[in-house]
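Visitor: I'd like to learn how to read a model like this one, feature by feature. Could you walk me through it?

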Amino acid sequence: MKQCEYCGKEISYHEIYCSEDCQIKANRFYERCEKFSIPFTAVNTVCVFGIPIGLFLMSFLKVLGTVVASGSCIVLGLMLIIFPFPTEGMIKKFKIKKAIRIVRILGIAVIVLGLFIAGMLTFLGF
Ligand SMILES: [Zn+2]
């Protein structure tokens with residue numbers, strides 16, 4: 001059985017989307033992906049490197065390291081929530097709607113992690 005490329009609902013063989021609404025949403029999604037893919041990738045790359053660099057700095061520069069690590073987590077998390085662009089593999093597996101939701105949940109998890117790192121310094125002063 002084929003599934004709607006956007007919402008994952010079952011559709012007949014000759015269709016791609018279950019409704020016009022899904023087609024419009026899918027098109028809008030791909031347009032946004034294309035438009036924002038470069039800044040999205042650039043910011044994410046910086047943040048993905050920022051987290052381990054920050055954690056490394058924490059061993060001797062506590063405050064700076066914490067700011068870099070938790071800041072990177074929070075920026076990365078916000079990016080994932082504002083621009084939830086899943087990978088092609090995720091879209092294939094989960095379809096667009098569900099893949100977007102997974103990326104957003106991941107974004108929230110990363111922000112929580114960032115707050116946790118910041119909290120460690122503030123509350124525990126380790
Ligand atoms: Zn659909």
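Visitor: Let's start inside. Which residues of the largest nonpolar core touch the most other members?

Guide: A quick note on ground rules: this is a predicted model, where local features need pLDDT of at least 70, side-chain atom pairs count only at pLDDT 80 or more, and totals for chains, interfaces and linings use all residues. Residues are numbered from 1 along each chain as its sequence is written, and side-chain values use heavy atoms, with hydrogens and water left out.

Guide: Now the core. A nonpolar core is a set of buried Ala, Val, Leu, Ile, Met, Phe, Trp, Tyr and Cys residues joined through side-chain atoms within 4.5 Å. Buried means under 20% relative accessible area, exposed means over 50%, and partly exposed is in between (1.4 Å probe, protein chains only). Here the largest core has 26 residues, and Tyr 6, Phe 29 and Ile 96 touch the most other members. Helices α1, α2 and α3 each supply at least two residues of this core. Those labels come from DSSP runs (helices are H or I, at least four residues; strands are E, at least two), numbered from the N terminus.

Visitor: What does Phe 29 touch, leaving out residues up to four places away in sequence?

Guide: Contact means heavy atoms within 4.5 Å. By that rule, Phe 29 touches Pro 84, Phe 85, Pro 86, Ile 91, Ile 96 and Ile 100.

Visitor: On to the metal. Which residues are the protein donors of the zinc ion?

Guide: Donors are N, O and S atoms within 2.8 Å of the metal (3.2 Å for Na, K and Ca); water is not among the atoms, so sites may look incomplete. In this model the SG atoms of Cys 4, Cys 7, Cys 18 and Cys 22 do the job, lying 2.3 Å from the zinc ion. Along the chain, the donors follow the spacing C-x2-C-x10-C-x3-C. Within that set, Cys 4 sits in the loop between β1 (2–3) and β2 (10–11), while Cys 18 sits in the loop between β2 and α1 (20–57); the pair is 14 residues apart and links distant parts of the chain.

Visitor: Why is the arrangement around the zinc ion called tetrahedral?

Guide: Check the angles. Four donors count as tetrahedral if all angles lie between 85 and 135 degrees. The 4 donor atoms here subtend angles of 104 to 117 degrees, so the label fits. (Four count as square planar and six as octahedral if opposite donors are over 155 degrees apart and all others between 65 and 115; anything else is irregular.)

Visitor: Are these ligands, Cys 4 and Cys 22, buried or exposed?

Guide: Cys 4 is buried at 0% relative accessibility, and Cys 22 is buried too, at 8%. Cys 18, by contrast, is partly exposed at 24%.

Visitor: How many disulfides does the structure hold?

Guide: A disulfide is a covalent bond between the sulfur atoms of two cysteines. The test is a pair of cysteine sulfur atoms within 2.5 Å, and the structure holds 0. Take Cys 47: its closest cysteine sulfur is in Cys 73, 8.5 Å away, which is too far for a bond. Cys 47 is buried, with a relative accessible area of 5%. Ser 72, in helix α2 (residues 62–82), is in contact with Cys 47, Gly 50, Ile 51 and Val 67, leaving aside neighbours within four places in sequence.

Visitor: How many salt bridges are there?

Guide: The rule asks for a side-chain nitrogen of Lys or Arg within 4 Å of a carboxyl oxygen of Asp or Glu. The count comes to 2. One joins Lys 95 to Glu 5, with the closest N and O atoms 3.8 Å apart. Because Lys 95 lies in helix α3 (residues 88–124) and Glu 5 in the loop between β1 and β2, the pair ties together parts that are 90 residues apart in sequence. Lys 95 is buried at 11%, whereas Glu 5 is partly exposed at 27%. Lys 25 and Asp 21 form a salt bridge at 3.2 Å between the closest N and O atoms. They are 4 residues apart in helix α1, so about one helical turn separates them.

Visitor: What is the phi of Lys 95?

Guide: Most residues other than glycine have a negative phi. Lys 95 has a positive phi of about 70 degrees, although it is not a glycine.
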